[in-house]
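Let's take a walk through this fold together, starting with the strands and ending with a few individual residues. Keep the viewer open and turn the model as you read.

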Amino acid sequence: MIPSPAIAKVFQGVASRQQMFRMFDRYAQRPNRWDGDAAPFYAGEWFEIGEEQCDYMLDALSPLWIRGEMFAMREFVTGSVTSVFLTLRFAGRTRHFHSYCDLSDKGSPERMRDAIIARETRPVKAMTRQERLEHIWSTTHDGYRVYAGEKWPLHKRGKRAILLYGGRQGAFLKLLDDLSDAEIAAKLPVQLRHLPDDVAA
């Protein structure tokens with residue numbers, strides 16, 4: 001159920017204001033939401049936003065801290081995990097990012113910045129399989145994504161699943177991690193379907 005705690009890009013392109021707020025809690029539907037440590041759900045996730053969204057979040061509440069190109073939100077999403085916003089320059093162009101960093105790890109904001117720079121300066125535009133799956137999860141409406149419940153085999157319960165359309169067989173749920181390449185391509189927007197696999201990740 002919990003994605004890899006490694007730093008991960010979870011949306012391709014620049015998120016709109018509405019998309020940004022939806023992705024602030026991509027796990028709102030998870031079972032037992034208030035039980036246990038939720039930090040592994042959030043820490044390490046990042047995506048690009050527009051300048052207007054970044055400015056809005058800076059003005060919404062006085063930051064916990066500002067360090068050069070980064071600032072951290074005073075309100076924590078869970079435990080010691082909070083939003084860290086970054087303003088970075090690539091090839092003379094300024095871009096803005098939202099990330100979740102676990103501030104109990106003092107170096108996490110800097111590692112996040114370095115990971116975003118490394119990811120966004122690769123010479124070839126490509127996506128990993130996991131980035132494709134995370135983009136699908138991020139852009140699928142809540143009504144079409146669920147967590148496998150009691151009707152699923154025990155070893156699949158709690159894992160993420162999305163609704164697919166199977167022609168004559170109608171709609172059915174399938175675990176996100178089990179999607180075939182063809183099913184992934186069908187769920188992605190046209191501009192992302194034919195990007196090469198990212199082997200540098």
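Two strands are said to pair if DSSP finds at least two bridges between them. Helices (H or I, at least four residues) and strands (E, at least two) are DSSP runs, numbered from the N terminus. With that in hand, β7 and β8 pair in the antiparallel sense over three bridges. Before going further, please note that this is a predicted model, in which local features need pLDDT of at least 70 and side-chain atom pairs count only at pLDDT 80 or more, while totals for chains, interfaces and linings use all residues. Residues are numbered from 1 along each chain as its sequence is written, and side-chain values use heavy atoms, with hydrogens and water left out.

Let's stay with the sheet that holds β7 and β8. Three strands form this open sheet, in the order β7-β8-β9, with antiparallel pairing. Its edge strands are β7 (145–147) and β9 (171–175), each of which pairs on one side only. From one strand to the next the twist averages 35°; axes here are lines fitted to C-alpha atoms, for helices over the stretch in contact, and angles run from 0 to 180 degrees between N-to-C directions. Across the β7–β8 pairing, tyrosine 147 stands opposite arginine 160 in β8. On the other side, five bridges join β8 (residues 160–165) to β9, and isoleucine 162 has lysine 174 in β9 as its bridge partner. The hairpin of β8 and β9 has five residues between the strands, and glycine 167 there takes a positive phi near 65°.

How many of the six residues of β8 are buried? Five of them are, so β8 is largely enclosed by the rest of the structure. Buried means under 20% relative accessible area, exposed means over 50%, and partly exposed lies in between (1.4 Å probe, protein chains only). Helix α5 (residues 129–139) lies across β7 and β8, running at about 75° to β8. This helix is mostly covered too, with eight of its eleven residues buried. Among them are Leu133, Ile136 and Trp137, and also the charged-type names you may spot in the sequence, Glu131, Arg132 and Glu134.

Now turn to the other sheet. This open sheet has six strands in the order β1-β2-β6-β5-β4-β3, and its pairing is mixed. The edge strands are β1 (8–15) and β3 (65–67), each pairing on one side only. Neighbouring strands are turned by 25° against each other on average, direction ignored. Strands of a sheet pair through backbone hydrogen bonds, either parallel or antiparallel. Here β5 (residues 81–90) and β6 (residues 93–102) pair in the antiparallel sense over ten bridges. One residue to find is valine 84, whose bridge partner in β6 is serine 99. Helix α3 (residues 51–60) packs on this sheet, touching β1, β2 (45–49), β3, β4 (70–78), β5 and β6, and its direction makes about 70° with that of β4. Contact means heavy atoms within 4.5 Å.

Which cysteine sulfur is closest to that of cysteine 54? The closest is in cysteine 101, 13 Å away, which is too far for a bond. A disulfide is counted as a pair of cysteine sulfur atoms within 2.5 Å, and by this rule the count comes to zero. Both residues are hidden from the probe's reach by the cut-off above: cysteine 54 is buried at a relative accessible area of 4%, and cysteine 101 counts as buried at 2%.

Two loop residues show how separated parts of the sequence meet in space. Alanine 28 sits in the loop between α1 (17–23) and α2 (39–42) and is partly exposed, with a relative accessible area of 40%. Its C-alpha atom is separated by 9.0 Å from that of aspartate 142, 114 residues apart along the chain. Proline 189 is in the loop between α6 (181–187) and α7 (190–193) and is partly exposed at 28%. Proline 189 and isoleucine 136 are 53 residues apart in sequence and 9.3 Å apart in space, C-alpha to C-alpha.Finally, step back to the whole chain, which has seven helices and nine strands. Buried residues make up 43% of its 201 residues. Along its principal axes the C-alpha trace spans about 55 × 40 × 30 Å.
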